[in-house]
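Work through the exercises below with the sequence and the structure open. Try each task before reading its solution.

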Amino acid sequence: MNALDLTAVTVPGRLAGVSLALAPGTFAGLIGPNGSGKSTLLRVAAGVLPGGGDISWGGRPLAVIPALERGRLAAWVPQEAHFEFGFTVAAVVAQGRFAHGDDGRGVVEALARFDLTALAERPVNRLSGGERQRVLLARALATGAPLQLWDEPFAALDPRHALEGLQLAGELARGGRTILFSLHDLRVAHCLDIVIVLHEGGLCAAGPPDKVLTAELLRDVFGVRARNAPGLILELP
Amino acid sequence: MSAPLAALSPRAVRAALPVAFLLLGALVLVSLAVGGFPPARIWAGLWQHDELGANVLWNLRLPRLLVAMLVGAALSASGLLMQAFFRNNLASPDLLGVASGGAAGAVIAIGAGWVSASLLALPVCAVLGSLVATGAVLLLARHGTGPERLLLAGVALNALLGAVTSYVLSNSAISYEANARVIFWLLGGLEDRTWEHVAMIAPVLLAAVLLWPLDRPMDLLSLGAAEAQSLGVEVRALRRRMLALATVMTALTTAVAGSVGFVGLVVPHLLRLLVGPEHRRLVPLALVGGAVFVLACDLLARIAGITHVGIVTSLVGAPFFLWLLRRQR
């Protein structure tokens with residue numbers, strides 16, 4: 001049973017018949033140039049944007065899963081968040097438990113995992129972009145959902161928080177969760193199980209990073225030349 | 001989980017609702033007692049010792065009081081719903097044109113003479129007018145609900161619906177009496193409200209009951225529709241219910257009291273500043289706080305000899321709105 005099945009998913013003008021299957025516990029990255037359809041694919045997979053084709057979570061068609069249960073089965077993190085109202089960081093992360101009857105379980109841990117404990121009582125509409133992103137990630141973690149769909153989760157984070165987020169995502173995947181997230185930093189792609197490449201709204205390649213990220217693909221899809229050279233390597237101490 | 005950011009301390013936030021109820025109780029007593037008629041005879045009337053006193057109390061002051069409270073609660077709750085719906089704390093039934101829609105509907109009903117045919121004509125036409133306005137706002141705001149877009153859509157709609165009202169007023173075919181009634185609506189009045197008007201606006205109580213369970217989903221919706229949906233909120237159904245409740249409540253207030261401006265903007269906004277953005281607290285407080293605000297404004301109007309409560313709510317509300325605009329980041 002796959003954690004996520006997409007069959008011929010289509011959104012006119014943005015996605016053209018993308019099919020994809022992820023086994024439980026897969027740590028998958030979604031790459032592609034700007035405008036290639038990454039965000040659209042994640043939104044459709046998360047059920048927040050209607051699209052043609054079939055979507056299943058854990059073998060069940062999305063159409064038959066009631067709204068509340070969807071909140072327990074999958075979490076979606078948008079690329080950017082705009083908060084109009086001044087809920088506290090802790091209150092927003094606690095919203096991740098809405099589908100669990102607001103039981104508040106795991107909220108304190110989720111705050112700690114994204115280094116938000118000190119910001120817990122701050123209003124979210126006064127945070128920086130990277131802090132807001134961590135709040136959204138902590139809320140997704142608090143849902144405890146087996147399927148995690150994150151849209152450029154680390155783009156706004158500083159190097160340490162980005163590395164910690166990546167490490168946490170890897171841990172979740174090893175613990176059996178399925179993670180699919182979009183990214184632009186191709187150097188990170190090598191720690192993933194699967195890399196999915198989108199190009200002009202279509203699926204271009206999918207598979208282990210060393211098989212997929214060939215010099216030809218990088219040239220054809222991204223228009224860049226890959227070259228190994230000594231450079232700055234950042235890792236957690 | 002934890003207390004939201006609020007101007008008040010957590011203890012004061014918890015005490016806000018009881019305090020609001022106490023304030024409402026005090027205003028009810030003062031409103032019933034104050035007026036040209038001696039309070040002692042009102043008191044005697046309460047125990048049926050004074051026939052005229054009883055008449056003033058039961059047929060003049062009490063209906064007016066109940067209408068004022070229900071109008072306030074309905075407008076304030078509508079504002080709260082619209083602010084959560086559009087994720088914008090400047091949204092409110094009067095700024096968005098929903099109240100003008102109700103007024104235009106009511107004015108057409110009066111001008112065409114339908115009002116004398118049926119008691120239901122006025123509320124039905126007001127609800128229809130408000131629904132049309134709500135639909136127009138939704139269409140205009142489809143591609144984004146930024147403050148500028150929403151407010152500009154409201155300006156345009158208010159101008160359009162104002163033109164409809166002016167047309168009816170300027171139409172020489174309608175009688176002088178109908179014209180006077182139209183002007184009464186436009187100013188927003190609570191004078192001479194009867195039990196008929198109480199009955200007309202009583203459905204607001206039902207709307208308030210239906211609003212109650214929406215508090216938690218509204219929290220999630222107010223931070224983003226797609227996010228709320230992914231967290232387990234049935235967003236389409238929720239938004240339909242919210243809009244229906246806000247529109248009907250606004251329209252009913254228009255049908256019984258004309259346009260009473262700025263309540264829907266000022267009360268929820270002020271409460272959010274005081275107790276934070278969580279709807280679990282805001283929903284009951286908006287209902288009680290709206291009643292307190294309109295009752296206080298009506299009391300002021302009666303003391304100052306102003307016949308229309310809408311004048312007082314706007315005199316208090318408009319400067320507050322300007323202050324809010326200044327305060328925005």
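**Exercise 1. List the buried residues of α13(B), then say what covers them.**

Solution. Start with the list. The buried residues of α13(B) are Val263(B), Gly264(B), Leu265(B), Val266(B), Val267(B), Pro268(B), His269(B), Leu271(B), Arg272(B) and Val275(B). Buried means that 20 or more other C-beta atoms lie within 10 Å of the residue's own; with 12 or fewer a residue is exposed, in between it is partly exposed, and C-beta atoms are placed from the backbone. That makes 10 of the 13 residues of α13(B), so by this definition the helix is mostly covered. Next, the cover. It includes α1 (10-33), α3, α14 (279-304) and α15 (309-327) of chain B.

Two conventions apply throughout. This is a predicted model, in which local features need pLDDT of at least 70 and side-chain atom pairs count only at pLDDT 80 or more, while totals for chains, interfaces and linings use all residues. Residues are numbered from 1 along each chain as its sequence is written, and chains are lettered from A and ligands numbered from 1 in the order in which they are written. Helices (H or I, at least four residues) and strands (E, at least two) are DSSP runs, numbered from the N terminus.

**Exercise 2. Compare the spans of α13(B) and α4(B) with the expected values, and find what follows each helix.**

Solution. The expected span is 1.5 Å times one less than the number of residues. Take α13(B), residues 263-275. Its 13 residues should span 18 Å, and its end C-alpha atoms are 18 Å apart, which agrees. Gly276(B) follows, with a positive phi near 95 degrees.

Now take α4(B), residues 98-111. It has 14 residues and reaches 20 Å from its first C-alpha to its last, close to the 20 Å expected. In α4(B), 14 of 14 residues are buried. Just after this helix, Gly113(B) has a positive phi of about 80 degrees.

**Exercise 3. Which residues have the most contacts inside the largest nonpolar core, and which helix gives the most to it?**

Solution. A nonpolar core is a set of buried Ala, Val, Leu, Ile, Met, Phe, Trp, Tyr and Cys residues joined through C-beta atoms within 7 Å. The largest has 168 residues. Those with the most contacts inside it are Val93(A), Ala138(A), Leu149(A), Val71(B), Ala106(B), Leu252(B) and Val294(B). Helix α3 (residues 51-85) of chain B gives the most to this core, with 15 residues.

Pick one of these residues. Leaving out residues up to four places away in sequence, Val294(B) touches Ala68(B), Val71(B), Gly72(B), Val260(B), Val263(B), Val309(B) and Thr313(B). Contact here means C-beta atoms, placed from the backbone, within 7 Å.

**Exercise 4. Trace the strand pairing from β3(A) to β8(A), β7(A) and β6(A).**

Solution. Two strands pair if DSSP finds at least two bridges between them. Step one: β3 (residues 27-31) and β8 of chain A pair in the parallel sense over four bridges. Phe27(A) has Ile179(A) as its bridge partner in β8(A). Step two: β7(A) and β8(A) are parallel, over four bridges. Leu147(A) partners Thr178(A) there. Step three: β6(A) and β7 (residues 147-150) of chain A are parallel too, over four bridges. Val77(A) stands opposite Trp150(A).

Then check the faces. In a regular strand the side chains alternate between the two faces of the sheet. From β8(A), Thr178(A), Leu180(A) and Ser182(A) point one way, Ile179(A) and Phe181(A) the other, and all are buried. From β6(A), Ala74(A) and Trp76(A) point one way, Ala75(A) and Val77(A) the other; these are all buried as well.

**Exercise 5. How many residues does each chain give to the contact, and how does the side of chain A divide?**

Solution. Chain A gives 31 residues and chain B gives 24. On the side of chain A, the elements giving two or more residues are α2 (67-73), β6 (74-77) and α3 (89-94). The largest share, five residues, comes from α2(A). This side divides into 20 nonpolar, six polar and five charged residues. Ala, Val, Leu, Ile, Met, Phe, Trp, Tyr, Cys and Pro count as nonpolar, Asp, Glu, Lys and Arg as charged, and the others, Gly among them, as polar.

Key
Two residues are in contact if their C-beta atoms, placed from the backbone, lie within 7 Å.
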